[in-house]
There are 2 protein chains.
Amino acid sequence: MVAQKKLTGGVVRSDRDLADGRTIRYYDTKSQERNLVDAREPESQPEIGELRLDPLVNEWVVMAAHRQGRVFLPPKELCPLCPSTSEKLTEVPEHDFEVVVFDNRSPSLRTPQGDWALPDIVGPDTDLGTAAGKCEVVCFTSSHTGSFKDLSADRVRTLLEAWIDRTAELSKESFIEHIAAFENRGEEVGVTLTHPHGQIYAYSYVPPKVEKMLSVAKKYKDQTGKVLFDEIIAREILEKDRIIAKNDRWVAFVPYASRYSFEIHVAPLNPVADLTQLTEADRASFPEIALEVTKRLDGVFGIEMAYIAAWHQAPVRNGRDLLRLHWQITSVRRAPGKLKYLSGSESAMGAFIMDLRPEQSAEQLRAVVL
Amino acid sequence: MVAQKKLTGGVVRSDRDLADGRTIRYYDTKSQERNLVDAREPESQPEIGELRLDPLVNEWVVMAAHRQGRVFLPPKELCPLCPSTSEKLTEVPEHDFEVVVFDNRSPSLRTPQGDWALPDIVGPDTDLGTAAGKCEVVCFTSSHTGSFKDLSADRVRTLLEAWIDRTAELSKESFIEHIAAFENRGEEVGVTLTHPHGQIYAYSYVPPKVEKMLSVAKKYKDQTGKVLFDEIIAREILEKDRIIAKNDRWVAFVPYASRYSFEIHVAPLNPVADLTQLTEADRASFPEIALEVTKRLDGVFGIEMAYIAAWHQAPVRNGRDLLRLHWQITSVRRAPGKLKYLSGSESAMGAFIMDLRPEQSAEQLRAVVL
């Protein structure tokens, strides 16, 4: 028996176990049985990593030493994200699929054994922790080639349902504090598998960037009574010149103080804390704007732009009324043949220097003929 | 007349103007006249950039759009950091030099006109600022090839005197709040000129990373009465297994929660706020340990490691009793042919994942035969 669950948007989720005990979830819009069994030999699972406090800045660093040996840019014949065939067994037992999400084989974060707690932060005397959390892989398509922007609108909707479903389910785990879904695209950002896919990191702590957004939003709320992100969106809509796409439910813009030459934020006009709170209308109109902005991005130079596309959500238990869902796409490409590197100022001091005015970047993105 | 100034360590500084009004400072250990005049046609100076607040995290981003067109990896014949010859006029009018520091031709930060103030931070309503500050280039040697680790101990001492002198002088400017001296090495971290050199960024604001270190150190002092960095050093010395070099005045170690496979922190045993407070004995024994650790770094794989080496100092006016001088070297190389990329977790969430245990990294660095 395969456990099945009906989601919105006509999507059905079917769960199966992989040979080594990991779970794979098929997200389908067409009726499917998903009965094929993982015929590989079970592998032993890597141990849980360490969580160490960097006391200079009170930030957790995950030590996942087992990840050094992971697969690096395999050819198509060896791609572990393609469907299985009669000749080749991959991470996906079925011979075809729409969207699948499975537990990462080399996870940085793992489900902890028994009771788990984050150590108290007390400077250099802080105890060593274990790297609790979950890491999942999201395959966007069974096709080995192509990219997010080449998906159909229906497929983007299915993917959105998968992201929503994972957020809802992972939010129930007591050891998970924050859920981030992201796509790394391009070797320039360290992608080790070219098959169109993304990842979900469910952290057992609020990540440093989110913690900072939270403390800034809290201070703003205390001082003004307003939600910071809503005011930011209002300003972008009022000033107009950095907006690159808009529909009834969503707006996409280059932020006023962007850090990368091509940086796009996409936000619902109806503010929500996380993916699970998106309305049916929000969900239905996301594919259109998501495909438009990713096509515009590749259109600027007529090349595939390396990027990181990350969903920012409110943490699971904190600041649900302070932080808002939005999607940040940052490209490390400045120009054909030129990348934005994090050098001394950015990397060591955290001080970003931008080479292109955001208004000019927005103009270039708007000028792309789709 | 050339203005000359005697520094410690037998170093003499001679100042000259460049054709476009910028200043070049020669740091010499041998008696030198430094009379040659910059014979190039004066160029117009780029305008001062913008300072925009990223309201999501209350961090300043510098918009320096004029930097897009700067020189990119020129061949030796066109290197602007080599000494001038009878055939070629460069940034350095003299035909030979030891260490020089000159104002950057494409500065991200510039001296402001008239009164200058950082705008008050009030969320998305924060005023646009101007990118006040100073950017300087530090040439380590007149030789086009080689690297920091190939310098003589005497030359490293001269370089240290130049860093100290620049910190002292820039600290006097009312619009400067923080001074960072760093070296970016390798195309992998965006180096556009291969001539051995570093940079000085003098910021008109406390950079985000320093601000965070400051707030964490303040909280620790309030709670324990102790200086955080001193406790961190005490722990590293006590635990021993991450130390890679030590002499009477300095210690070098891979930090307990390093973020990069090869990350080395170098700190004086006599804690000081910034470079200007180093004693004569500290200065005299820095070259030995600095050359040792940079040689060890290149020795691990027998290749030139791309790295960022950054001096962390206390800000000019804040937290002088809370933050301590130290030198952080972070390499983006994980293995020959493998780089550490900042992907979704690191870049979008600020959550670092490390593939190598710091103790193993320290062991590999210690094992290098010099």
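**Exercise 1. Work out the strand order of the sheet that contains S4(B) and S7(B).**

Start with one pair: strand S4 (residues 50-54) of chain B and S7(B) run antiparallel, joined by 2 bridges. Strands here are DSSP runs (E, at least two residues; helices are H or I, at least four), numbered from the N terminus, and two strands pair if DSSP finds at least two bridges between them. Within this pair, Glu50(B) has Thr130(B) of S7(B) as its bridge partner.

Before going on, some housekeeping: this is a predicted model, where local features need pLDDT of at least 70 and side-chain atom pairs count only at pLDDT 80 or more, while totals for chains, interfaces and linings use all residues. Residues are numbered from 1 along each chain as its sequence is written, and chains are lettered from A and ligands numbered from 1 in the order in which they are written.

Next, cross the chain boundary. Strand S18 (residues 352-354) of chain A runs parallel to strand S5 (residues 59-63) of chain B, with 3 bridges between them. Here Phe352(A) sits opposite Val61(B).

Now put it together: the order is S18(A)-S5(B)-S4(B)-S7(B), an open sheet of 4 strands with mixed pairing. S18 of chain A and strand S7 (129-130) of chain B are the edges, each pairing on one side only.

**Exercise 2. Describe how the two chains meet and how they are related.**

Count first: 60 residues of chain A and 60 residues of chain B make the contact, where two residues touch if their C-beta atoms, placed from the backbone, lie within 7 Å. On chain A's side, H2(A) gives the largest share, 7 residues. Sorted by class, that side has 36 nonpolar, 14 polar and 10 charged residues. For the classes, Ala, Val, Leu, Ile, Met, Phe, Trp, Tyr, Cys and Pro are nonpolar, Asp, Glu, Lys and Arg are charged, and the others, Gly among them, are polar.

Then superpose. A turn of 180° and a shift of 0.0 Å along the axis lay chain A on chain B with an RMSD of 0.0 Å. That is the relation of a two-fold axis. The same surface serves both copies, as 100% of chain A's contact residues recur in chain B. The fit is least squares on the C-alpha atoms of residues with pLDDT of at least 70 in both copies.

**Exercise 3. Check the length of H2(A) and find what covers it.**

Helix H2 (residues 208-224) of chain A has 17 residues, which at 1.5 Å a residue should span 24 Å, and its end C-alpha atoms are indeed 24 Å apart. The expected span is 1.5 Å times one less than the number of residues.

For burial, the cut-off is 20 or more other C-beta atoms within 10 Å of a residue's own (12 or fewer is exposed, in between is partly exposed; C-beta atoms are placed from the backbone). Buried residues of H2(A) include Met213(A), Val216(A) and Tyr220(A). Their cover includes S5, S9 and H3 of chain A, together with helix H5 (344-349) of chain B. Just past the helix, Gly225(A) has a positive phi of about 80°.

**Exercise 4. Place S6(A) among its neighbours.**

Strand S6 (residues 99-103) of chain A has 5 of its 5 residues buried. Val99(A), Val101(A) and Asp103(A) lie on one side, Val100(A) and Phe102(A) on the other.

It has antiparallel partners: S3 (residues 23-28) of chain A, through 4 bridges, and S8 (residues 133-139) of chain A, also over 4 bridges. Ile24(A) is bridged to Phe102(A), and Val101(A) to Val138(A).
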